[in-house]
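I opened my notebook beside the model. I wanted short entries, one topic at a time.

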Amino acid sequence: KKGDVVCELDASAFHDEMKLQKIRYAQAKAWVDQVHAIYEVNLITLTEFRDGIFPQDLKLINQYIETCRVDKERAERNLVWSREVTNKGLRTHSQLKADELSNQRASIALEEAEGMYDRLANYTGPKILKSLEAKVKAIEADKKNQEVSFELEKQRMARLQKCIDNCTLRAPD
């Protein structure tokens, strides 16, 4: 009758190869899943730095610069007052020297804060951003490579299954 098995050829070699192919298929699938997870994590890291950490750090340094400017202005006013009072003989020279050092310290802190902003805005931030972008692009390329490899393993498994199926001959009519 139509569809009855007429002959079965020895497919043991194909079955053995299929077992190995299933292992290769599972491994390729695991690599694709892994690279997808790594890609997602790195996209999140890039977005977090670009949209969160970097602007927040710039804002914090700006606030620190403003604080340093206020401290510097206060130290300058205090120094002017201290000089006037010292000239009148109401303050000692050691107190005036302490106010001069305080003004100098405030100037140094302001310069350092402005340097921090410059380094972060022009060097460190863009460097980290480019590094994260490059990493995402590299993972993207690896992801495509893994997906192509997985597709090849899938096709190979389908061809093996077709060979196994062809080892069973059935009556056409």
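**Entry 1: the core**

I looked up the largest nonpolar core first, and it has 16 residues. The residues with the most contacts inside it are Leu46, Phe49, Phe54, Ile65 and Leu120. Two helices, α1 and α2 (93–166), each supply at least two residues of this core. I then checked which element gives the largest share: α1 does, with 9 residues. I noted one general point: in soluble globular proteins, nonpolar side chains tend to be buried together. I also noted that this is a predicted model.

Next I picked isoleucine 65 from the core. What is isoleucine 65 in contact with, leaving aside its neighbours within four places in sequence? I found Leu110, Ala113, Glu114 and Tyr117.

**Entry 2: the whole chain**

I stepped back to the protein chain. It has 2 helices and 2 strands. Read from the N terminus on, the elements run β-α-α-β. I looked up the box that the C-alpha atoms fill along the principal axes, and it is roughly 125 × 25 × 20 Å.

How does the radius of gyration of the protein chain sit against that of a compact globule of 173 residues? The globule would be near 16 Å, but the protein chain has 36 Å.

I looked up burial too. Buried residues make up 25% of the 173 residues. Then I turned to contacts with a separation of 6 or more. Residues 24 or more positions apart account for 84% of these contacts.

**Entry 3: helix α1**

I followed α1 from end to end. It covers residues 12–87, which is 76 residues. From its first C-alpha to its last it reaches 108 Å. That is close to the 112 Å expected at 1.5 Å a residue.

Where does α1 bend? I found a bend of about 45 degrees at phenylalanine 49. Phe49 was already in my notes, among the core residues with the most contacts. Just after α1, I came to glycine 89, which takes a positive phi of about 85 degrees.

**Entry 4: two residues of α1**

I chose glutamine 34, which lies in helix α1. Glutamine 34 counts as partly exposed because its relative accessible area is 47%, and exposed needs over 50%. I took its distance to glutamate 84, C-alpha to C-alpha. The two are 50 residues apart in sequence and 72 Å apart in space.

Isoleucine 44 also lies in helix α1. Is isoleucine 44 buried or exposed? It is exposed, because its relative accessible area is 56% and the cut-off is over 50%. I then looked up valine 136, which is 92 residues from isoleucine 44 along the chain. Their C-alpha atoms are separated by 10.0 Å.

**Entry 5: the cysteines**

How many disulfides does a search of the whole structure find? It finds 0. I checked cysteine 7, which is in no disulfide. Its nearest cysteine sulfur is that of cysteine 167, 9.5 Å away. A disulfide needs the sulfur atoms within 2.5 Å, so this pair does not count. Cysteine 7 is partly exposed, at 31% relative accessibility.

Cysteine 163 is in no disulfide either. The nearest cysteine sulfur to cysteine 163 is again that of cysteine 167, 7.2 Å away. Cysteine 163 has a relative accessible area of 29%, so I wrote it down as partly exposed.

Methods. Residues numbered from 1 in each chain as written. Predicted model: local features only at pLDDT ≥ 70, side-chain atom pairs only at ≥ 80, totals over all residues. Heavy atoms only, no water. Helix = DSSP H or I, 4+ residues; strand = E, 2+ residues; numbered from the N terminus. Expected span 1.5 Å × (residues − 1). Bend = angle between axes of the 7 residues up to and from the residue. Buried < 20%, exposed > 50% of the residue type's maximum accessible area, 1.4 Å probe, protein only. Core = buried A, V, L, I, M, F, W, Y, C linked by side-chain atoms within 4.5 Å. Contact = heavy atoms within 4.5 Å. Rg over C-alpha atoms; globule rule 2.2 N^0.38 Å.
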